[in-house]
Amino acid sequence: MRNSEELADLVAWKAAENGKIKLNTDGANQGNPGIPSAGEVFRNESGMWLLGFSAYLGTCLSLAAELHNIRIGLSFA
């Protein structure tokens with residue numbers, strides 16, 4: 001079993017490489033299929049917030065919501 005310090009390293013957010021922007025996405029569904037929502041955050045190499053938004057996605061399966069969320073984020077890139 002891993003200690004809590006090792007587990008914290010596994011779930012820690014890591015900044016983008018120098019000069020790059022990182023996109024973090026997350027989605028949630030109320031049911032499957034259900035009512036999904038999506039959220040995204042763009043951060044620079046210092047971890048500073050550059051852009052963020054949330055979106056209502058209609059009714060779909062949770063996997064479709066996650067993929068749609070990634071597509072929305074990449075459309076900004």
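**Exercise 1. Which residue of β2 is the bridge partner of glycine 27?** Work out the pairing of the strands in this predicted model.

*Solution.* Begin with the order of elements, which from the N terminus on runs α-β-β-β-α, giving 2 helices and 3 strands in the chain. Next, locate the two strands concerned: β1 covers residues 22-31 and β2 covers residues 34-43, and they pair in the antiparallel sense over 10 bridges. Between β1 and β2 there are 2 residues, and the two strands form a hairpin. Within this pairing, the bridge partner of glycine 27 is alanine 38, while asparagine 24 has valine 41 of β2 as its bridge partner.

**Exercise 2. Describe how β2 is joined to β3, and state which residue of their hairpin takes a positive phi.**

*Solution.* Strand β3 spans residues 49-56, and its pairing with β2 is antiparallel, over 7 bridges. One position in this pairing is phenylalanine 42, which stands opposite leucine 51 in β3. The hairpin of β2 and β3 has 5 residues between the strands, and it is glycine 47 that takes a positive phi there, near 85°.

**Exercise 3. Decide whether asparagine 69 counts as buried or exposed, and list the residues that it touches.**

*Solution.* First place the residue: asparagine 69 is found in helix α2, which covers residues 62-76. Then apply the cut-off, by which buried means under 20% relative accessible area; asparagine 69 counts as buried because its relative accessibility is 0%. Finally, leaving aside residues up to four places away in sequence, asparagine 69 touches Thr25, Asp26, Gly27, Ala38, Gly39 and Glu40. Two of these names, Gly27 and Ala38, return from the first exercise, where they are bridge partners.

**Exercise 4. Identify the residues of the largest nonpolar core, and follow the contacts of cysteine 60.**

*Solution.* The largest nonpolar core has 5 residues in all, namely Ala38, Leu57, Cys60, Ala65 and Ile72. As a general background, nonpolar side chains tend to be buried together in soluble globular proteins. Taking cysteine 60 as the starting point, and not counting residues up to four places away in sequence, one finds that it touches Asn29, Pro33, Gly34, Pro36 and Ala65. For the chain as a whole, 19% of the 77 residues count as buried.

**Exercise 5. Find the nonpolar patch on the surface, and explain why isoleucine 21 counts as exposed.**

*Solution.* The patch is formed by Ile21, Leu50, Leu51 and Phe76, which together have about 370 Å² of accessible area. Its member isoleucine 21 lies in the loop between α1 (4-11) and β1. Isoleucine 21 counts as exposed because its relative accessibility is 54%, and the cut-off for exposed is over 50%. Leucine 51, another member of the patch, is the residue that phenylalanine 42 stands opposite in β3. For the surface of the whole chain, about 5,600 Å² is exposed, of which carbon and sulfur atoms supply 57%.

**Exercise 6. State how many salt bridges are counted, and classify the exposure of the two residues that take part.**

*Solution.* The count comes to 1 salt bridge, in which the side chains of lysine 20 and glutamate 17 meet at 3.5 Å, N to O. This distance satisfies the cut-off, which is within 4 Å. Lysine 20 counts as partly exposed because its relative accessibility is 45%, whereas glutamate 17, at 55% relative accessibility, counts as exposed.

Technical notes. Residues numbered from 1 in each chain as written. Predicted model: local features only at pLDDT ≥ 70, side-chain atom pairs only at ≥ 80, totals over all residues. Heavy atoms only, no water. Pairing = 2+ DSSP bridges. Helix = DSSP H or I, 4+ residues; strand = E, 2+ residues; numbered from the N terminus. Patch = residues over 30% accessible without salt bridge, like charges linked within 9 Å, V, L, I, M, F, W, Y side chains within 5 Å. Areas by Shrake-Rupley, 256 points an atom, 1.4 Å probe, with all protein chains shown as cover. Buried < 20%, exposed > 50% of the residue type's maximum accessible area, 1.4 Å probe, protein only. Core = buried A, V, L, I, M, F, W, Y, C linked by side-chain atoms within 4.5 Å. Contact = heavy atoms within 4.5 Å.
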